[in-house]
Every structure is written in structure tokens, then in C-alpha cells.
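Here are my notes on the model you sent. Please read them with the structure open.

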Amino acid sequence: MATPEVRTSTPRVTEGSTDAGTVAWTRAQTAAFLGPRLEPEQLARVGAAFEGNRLRGAYADPDPTPVATLRSWDAELTVPGGTVTADTITGIGVRSTHRRRGLTDRLLTEDLGAAARAGAAAAVLTSTQGALYERWGFGLATRTRSLTVDTARARFRDPVARGTVETVDRPDAALALARPVFERARRRHPGALERLASQWDQILVGAGPWNGFEPDRTRQVVVWRDDDGRPAGYVVHRVEEGWFASGAATLGVVDLQVLTPTAYVELWRHLCSQDLVGTVTWSSASADEALPWLLTDPRAAVVGEDHAMLWLRVLDVPGLLSARRYPTEDALVLEIDDPLGHARGTWRLDTHDRIAPAVARTGGDADVALSVTSLGAVVLGGVDPRTLARADRLAERSPGAAGRLARMLAAPSVPWNGTRF
Ligand SMILES: CC(=O)SCCNC(=O)CCNC(=O)[C@H](O)C(C)(C)COP(=O)(O)OP(=O)(O)OC[C@H]1O[C@@H](n2cnc3c(N)ncnc32)[C@H](O)[C@@H]1OP(=O)(O)O
């Protein structure tokens with residue numbers, strides 16, 4: 001069998017219809033993920049959903065439908081104290097008849113190479129599987145934790161509600177209120193990503209190619225305004241289990257973003273005071289949610305399972321390390337191993353200038369040796385380098401260097417990306 005050829009395209013929409021190549025690409029990607037077979041009128045909409053994205057495919061000519069797919073786009077990624085451009089990757093899917101022949105390897109290696117040449121500091125993805133992406137240099141950079149609240153038990157330590165809550169029915173009105181809040185909130189969370197228009201559709205309406213553009217009609221958007229009437233937080237929730245059978249529904253939080261601690265308290269107070277609701281769950285909460293501490297009985301909120309969220313692959317060492325800020329003034333030499341070459345080398349990171357940290361290649365002796373995968377895991381401050389040293393994933397070459405690196409990389413808040421993509 002001939003080796004499939006890798007090609008890249010961008011979606012084109014003419015008079016409301018999507019080009020045939022994008023339609024074929026989408027069919028292949030949906031099938032690889034066991035998604036629904038889309039009808040022609042649904043396929044006509046995918047071009048708009050993928051607007052501006054890069055669609056890579058491996059094609060066994062003359063079949064116009066690719067045997068493997070990968071979709072990527074550039075998004076701003078928050079790092080401690082700044083942002084970088086990240087190649088954001090999703091939709092890696094291989095036809096069931098063509099797996100384990102290196103097609104993902106080819107698509108991903110090409111995509112990472114193109115992103116590095118275009119100047120992206122890193123690549124990011126979320127994964128269906130835990131054992132897959134380390135081989136391409138992705139390290140687990142952010143995690144989420146599930147949160148489940150028994151609303152009958154949840155009493156707030158501060159019983160007095162402040163500000164106002166407002167439900168917003170129309171998705172365009174919800175977007176106009178939620179997006180400015182999110183744009184400010186995401187810059188406070190290392191690991192958070194800028195969102196595409198199609199991701200907002202997914203969050204606010206629950207519709208996209210993955211479900212045949214069928215809206216989730218139980219979704220509601222609630223905005224909290226401060227005493228001056230300014231929106232300072234919002235929550236999007238959906239019904240996960242109806243109230244008909246038990247009299248007590250389960251609400252699922254889809255997205256919750258706040259700009260102030262008060263907005264956080266009041267949105268949770270609202271969620272926990274709904275008639276017909278017995279439980280509120282959030283599977284993509286941050287690892288450091290304050291909710292249990294707000295309640296008279298902290299056990300009314302059960303902090304549950306921890307999930308892998310964002311995998312990060314460093315492409316440009318100076319680009320990424322000099323974009324973030326550091327809480328300590330120090331200098332360390334890092335020896336980075338990278339089979340794909342993008343991050344490989346010995347680098348001196350000097351944080352004595354708090355505003356402009358310096359990163360340069362050096363011939364000096366390394367203090368710490370680590371793979372690009374381990375660098376991806378530690379660079380946002382989500383895991384302590386000493387933990388990786390204990391796991392033999394990072395080597396300390398000068399005494400105490402892993403601890404110094406831990407103090408250098410500590411983040412102002414726990415890395416969190418609440419948006420799966
Ligand atoms: C970011 C995202 O899009 S996450 C979504 C991933 N996609 C899916 O889960 C959809 C269903 N699965 C698939 O389409 C495919 O099986 C994929 C994408 C997981 C793998 O694609 P393939 O083309 O078979 O992978 P490829 O042949 O390039 O394998 C590369 C390496 O990964 C390994 N690998 C492939 N799949 C897996 C797996 N599921 N678990 C562990 N290792 C795997 C291979 O053994 C190979 O390792 P090697 O280089 O040491 O031999």
C-alpha cells in the first residue's frame with residue numbers, strides 16, 4: 001500500500017456552504033472519534049466552526065477522505081505573569097483500518113515543526129489517553145479536580161448575599177457579557193487558553209460537529225453584577241439528571257469564571273439555592289477551589305477525582321521562559337533533551353531582572369538535566385521539580401538545584417485550564 005501523503009488545508013465557506021475538502025476531513029475525524037454521521041446540512045456548517053484553523057490530513061489518493069486527521073490553531077496561552085502563542089492541537093484521529101502505522105507520528109511531527117517555524121513558543125493539547133503524547137515531548141501541565149455539592153447541606157458562612165444575579169437567555173447576549181469576563185479571568189490562570197468562537201458555541205449552546213450541532217436545551221447562563229452593575233462573573237450550567245424521578249436534579253457546571261472573590265461566592269450561592277436541585281457537580285474545577293472553605297460544613301462540597309487536562313510541549317525555550325515571570329532571583333543552567341530537537345540544548349535561565357528574565361544558550365555545566373516532557377510539566381508551576389526528581393524524571397546535577405528550580409518556577413496561582421478541546 002502506498003504511503004499516504006500529508007496535506008494541510010483551511011476551511012472555506014462559499015454562500016453558506018463548506019468546501020468539499022473540509023467536509024471530507026470532518027467526516028474522517030468524526031468517524032475516528034466514533035461520532036455521529038453528519039447530514040449534509042450539518043456538514044454545511046462545519047466550515048464556520050473551523051474558521052481559521054489548520055486542517056491536516058493524511059490522504060491515500062485518490063480517496064478524497066483522509067485516513068488520518070489533525071486540527072490546530074494559534075491561541076494565547078497564559079503563563080505566570082504573561083502570555084505566549086501556543087499551537088493548539090485537537091482532532092487527532094486515524095481511520096480504524098490505518099492505525100499503528102505511524103500516521104499520527106507524521107501528522108504531529110509536521111504540525112509541531114510548522115508551529116516552531118511560525119514562532120509558537122509551545123504546543124498544547126488535551127488527550128483522550130494518558131500514555132500517548134509524552135513520546136512527542138508533551139508534559140502534563142495542568143490538572144482539574146471534580147467538585148460535587150450537596151445543596152441541602154450547603155450553608156454559606158457569610159449568610160448575606162451581595163450584588164445581583166441575572167439569567168441571560170439569548171446566546172449572543174450571554175456571549176457579550178461572558179466573553180469580557182473570561183478575557184480578564186483567563187490571564188490570571190497559568191494554563192488558560194484564549195477561546196475560538198466555536199468553543200464559545202460549545203460552552204454556551206452545547207452545539208458542534210461532535211453532536212450534529214444539536215443544542216443542549218437545558219443550558220443556562222447566569223451573570224453576577226457588583227453593586228455598580230458591572231459583570232464580574234458568570235456560570236454556565238446544564239441539567240445532568242432531571243428532577244422528575246427523584247425530585248432533586250443534578251446541575252452540571254460547564255464553565256464558571258470570576259473576577260472577584262465575591263462573584264465566586266455569589267455564583268455558588270445561586271447554584272446551591274435552586275429549587276428542584278439536590279446536587280451541583282463540576283468536573284473541570286481547579287485543584288484549589290475555595291468552595292469548601294466558604295461553607296459552614298465543608299463536607300457539603302466533596303472534592304473528588306483529579307484529571308489530566310492540559311499537556312504542554314515546549315517549542316521555543318527562550319520564547320517561553322522569558323515570557324513568564326519568576327518569584328525568586330536566581331540563575332540556573334538547564335540541560336534539555338528533546339528527540340525532535342526544538343528545545344534541545346543547555347540553557348542558562350537568569351531571573352535576577354524580575355521584569356526581563358534572560359535565557360540564553362550556554363556551554364556551562366548544567367545544574368538540572370531534564371527531558372522536554374518534564375520541562376512541559378514544570379514550566380507553568382503545576383508540579384514541583386523535586387517530585388519529578390524523585391520519579392527519576394529530572395536529574396539534579398548541582399546540590400539543591402531542583403529546590404531552587406521549584407522556587408523559581410512557583411506560580412502565583414495553581415495552573416488551571418477549564419476548557420477541554
Ligand atoms: C489531541 C487529541 O486529539 S487526543 C485524541 C486521540 N484520538 C483518539 O483517541 C481517536 C481514536 N484513536 C486513534 O485515532 C488512533 O489510534 C490514535 C490517534 C490514538 C493513534 O494513531 P496511530 O496513527 O495509530 O499512532 P501511530 O501509529 O503514529 O503511533 C505512534 C506511537 O504511539 C503509540 N500509540 C498509538 N496509539 C496508542 C495508544 N492508544 N496508547 C499508547 N500508545 C499508543 C504507538 O505504539 C507508537 O509508538 P512507537 O513509536 O513506540 O511504536
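1. A residue counts as near the ligand if its C-beta atom, placed from the backbone, lies within 6 Å of it. By that rule, 22 residues surround the ligand in this predicted model. The closest are Ile-92, Arg-99, Thr-104, Asp-105 and Thr-128. Strand 6 and helix 4 are the elements that give two or more residues to this shell. Which element gives the most to the shell? Strand 6 does, with 6 residues.

2. Compare this with the record. An unreviewed UniProt entry places a "binding site" at Ile-92, Gly-93, Val-94, Arg-100, Arg-101, Gly-102, Leu-103, Thr-104 and Asp-105. Ile-92, Thr-104 and Asp-105 are in that annotation, and they are also among the closest residues to the ligand in the model.

3. Two of the annotated positions deserve a look. Val-94 lies in strand 6, which covers residues 82–94. Leu-103 lies in helix 4, residues 103–118. Are these side-chain positions buried or exposed? The cut-off for buried is 20 or more other C-beta atoms within 10 Å. Val-94 has 22 such neighbours, so Val-94 counts as buried. Leu-103 has 24, so Leu-103 is buried as well.

4. Their contacts tie the two elements together. Leaving out residues up to four places away in sequence, Val-94 touches Ala-32, Val-67, Ala-68, Arg-99, Leu-103 and Thr-104. On the same terms, Leu-103 touches Pro-4, Ala-58, Val-67, Ala-68, Val-94 and His-98. Val-94 and Leu-103 thus touch each other, and both touch Val-67 and Ala-68.

5. On the domain level, the assignment gives domain 1 (5–125), domain 2 (145–310) and domain 3 (317–409). The centres of domain 2 and domain 3, taken over C-alpha atoms, are separated by 36 Å.

6. Now the open sheet of 5 strands. Its order is 17-16-15-18-19, and the pairing is mixed. Strand 17 (358–361) and strand 19 (394–396) stand at the edges; each has a single partner strand, so one side of each is left without a neighbour in the sheet. Neighbouring strands are turned by 25° against each other on average, direction ignored.

7. Within that sheet, strand 15 (residues 331–337) and strand 18 (residues 368–371) pair in the parallel sense over 4 bridges. Asp-337 has Ser-371 of strand 18 as its bridge partner. Helix 12 (residues 401–409) packs on the sheet and touches strand 15, strand 18 and strand 19. The direction of helix 12 makes about 100° with that of strand 15.

Key:
Residues are numbered from 1 along each chain as its sequence is written. This is a predicted model: local features need pLDDT of at least 70, side-chain atom pairs count only at pLDDT 80 or more; totals for chains, interfaces and linings use all residues. Domain bounds come from an automatic or database domain assignment. UniProt positions are given in the numbering used here, feature names are shortened, and annotations may be inferred rather than shown by experiment. A residue is buried if 20 or more other C-beta atoms lie within 10 Å of its own, exposed if 12 or fewer, and partly exposed in between; C-beta atoms are placed from the backbone. Two residues are in contact if their C-beta atoms, placed from the backbone, lie within 7 Å. Two strands pair if DSSP finds at least two bridges between them. Axes are lines fitted to C-alpha atoms, for helices over the stretch in contact, and angles run from 0 to 180 degrees between N-to-C directions.
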